Amino acid sequence: MAVTSPYPSVDALVRAADCEAPRAMVVRAARIAIAERRATGDRASADELAPAVRARVAAALEPSLRRVLNATGVVLHTNLGRAPLAAAAVTALTATAGAATNLELDLAGGRRGSRQAHVEPLLVELLGCAATLVVNNGAAAILLALAAHGSGREVAVSRGQLIEIGDGFRIPEVLAQSGARLVEVGSTNRTRQADYLRAIGPNTAALLWVHPSNYRVVGFAETTSLAELRTLCDDHRLPLIADLGSGSLLDLPLGAHEPTVQEVLAGGADLVTFSGDKLLGGPQAGILAGSEAAIETCRRHPLARAVRIDRLSLAALEATLRLYRDPTRAMDEVPTLRALLEPLERVRVRAERLAARLGGQVVETVGRVGGGALPLAELESFAVALLGDADAVSAKLRAGHPAVIARISDGACLLDCRTLSDADADEVPAPLP
């Protein structure tokens, strides 16, 4: 006597699901659905399992990396890709992505050129330095600087500046990978010029100054200024390397001062490294700026090719930098700057309009800069507090199209309208999924 299986065959489930997708994908989804039901011990027919197969296939057909709406109140959210690009940068990226380009071709002379030529003149103009070099990210920039100037020798840095730059990576580890030997000076909260002086010896290659962009030491604290370090470097003929982290080109009125790249260069640094995808508001990139000699040493190092910037990031960076020729235009068109500097009243109006659509309540809140920048700055904002279980509401928002990433605070699900543009707010689904 034949025994009836409590589960459908894979072929039967594939037919019942009736998906317009590659058969191998549907077969895999069917096998998973059957295995999951078998693990529960419950019987199931093909018709009962078909919706699960269709849902899995639909999810597999969607791009994994896709647009979301940032309603967290954190302007430079690392998990959400940090800085969204300006419209001009998106246009430049699109124009070059699907075509051949003059990436390393001198169109005037018909000879091989340098990819750096597309952004170096702009950076020199904006920063007032002698030379620049662009690589693929900020960590690569400081790694290259240390490898080129300190490999096999000693680099002195304050204990108070041995920061963790994200995802568990720390300045001492980056320095070690460069081949340079770390010499710690001073203490966590107080480092004086004399501490550096005692550390300088015949094997010293450079002094390193690291801006504590993602934290602050307050209270009984003392740091050595760039001017004091410059004096030491002049006396001992050493280069002064400064890692600025976020790297703003504008003095942003956010209550807490963030040194600009221009300030650090004027303060005496021979070489400054900073990111392109944080306060600059461009694509992921690492930028080195400084003297001709300091940059040329980095340019000639073998690591420079391994960390070079790709053409798409280069196109987006060039377009972003062009906006900075007019600071007013940059503050209006670079999304990061616009979100940081938007008047509070406009944020409130947006929140009221969104609350009316969703049936939520407008509440005052505080946003953050994010991206390891200005940790003490608080961005006044307004958010929409949604009714219901905060975790459940947040999950529903993430399941939408586009997904909305909210913030849970004091048991409430909040949609912070400082990081939602007017167009973003209009896309938040109402009613919720």
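Select R407 in β17 and L414 in β18: the two residues stand opposite each other. This is a predicted model. Extend the selection to the whole of β18, residues 412-416, and to β17; the two strands run antiparallel and are joined by three bridges.

Next, show the sheet to which this pair belongs. Five strands make up an open sheet, and its order is β2-β14-β15-β18-β17. The pairing in the sheet is mixed. Colour β2 (74-76) and β17 (407-409), the edge strands, each of which pairs on one side only. From one strand to the next, the twist averages 45°.

Just before this hairpin region in numbering there is a backbone feature to select. Between H401 and P402 the peptide bond is cis, with omega near 0°. P402 is found in the loop between α17 (390-398) and β16 (403-405).

Now move to β12, residues 271-275. How many of the five residues of β12 are buried? Five of the five are, so the strand is largely enclosed by the rest of the structure. Display the side chains here. In a regular strand the side chains alternate between the two faces of the sheet. In β12, L271, T273 and S275 point one way, while V272 and F274 point the other way. All of these residues are buried.

Add the neighbours of β12. Strands of a sheet pair through backbone hydrogen bonds, either parallel or antiparallel. β12 has a partner of each kind: β11 (residues 240-245) pairs with β12 in the parallel sense over four bridges, and β13 (residues 286-290) runs antiparallel to β12, joined to it by five bridges. To find the register, select A242, which stands opposite V272 of β12. For β13, select I287, the bridge partner of F274. V272 and F274 point the same way from β12.

With β11 and β12 still shown, add helix α10, residues 261-266. β11, α10 and β12 together make a right-handed β-α-β unit.

Go to the loop between α9 (226-236) and β11, and select R237 there. R237 has a positive phi of about 55°, although it is not a glycine. Is R237 buried or exposed? Its relative accessible area is 79%, so R237 is exposed.

A second residue with positive phi is D18. Select it in the loop between α1 (10-17) and α2 (23-40). The phi of D18 is about 50°, and D18 is not a glycine either. D18 counts as exposed because its relative accessibility is 65%, against a cut-off of over 50%.

The last stop is the largest pocket. About 1,300 Å³ of space lies in it. Centre the view on L80, R82, A83, P84 and L85, which are the closest to the pocket centre among the 41 residues of the lining.

Which elements should be coloured around the largest pocket, as suppliers of at least two residues each of its lining? They are listed here:

- strand β1 (68-70)
- helices α4 (87-97) and α13 (311-323)
- helices α15 (335-341) and α16 (344-358)
- helix α18 (422-427)

Of these, pick out α15, which gives the most to the lining, with four residues. Finally, colour the lining of the largest pocket by residue type: 18 residues are nonpolar, eleven are polar and twelve are charged.

Methods:
Residues are numbered from 1 along each chain as its sequence is written. This is a predicted model: local features need pLDDT of at least 70, side-chain atom pairs count only at pLDDT 80 or more; totals for chains, interfaces and linings use all residues. Side-chain values use heavy atoms; hydrogens and water are left out. On a 1 Å grid over the protein atoms alone, a cavity is a set of points where a 1.4 Å probe fits but cannot get out, and a pocket is an open set with protein on both sides within 12 Å along at least five of seven lines; lining residues have an atom within 4 Å of a point. Grid points are joined across faces, edges and corners, and a volume is the space filled by probe spheres set on the points. Ala, Val, Leu, Ile, Met, Phe, Trp, Tyr, Cys and Pro count as nonpolar, Asp, Glu, Lys and Arg as charged, and the others, Gly among them, as polar. Buried means under 20% relative accessible area, exposed over 50%, partly exposed in between (1.4 Å probe, protein chains only). Two strands pair if DSSP finds at least two bridges between them. A crossover is right-handed if, with the strands pointing away from the viewer, the path from the first strand over the helix to the second runs clockwise. Axes are lines fitted to C-alpha atoms, for helices over the stretch in contact, and angles run from 0 to 180 degrees between N-to-C directions.
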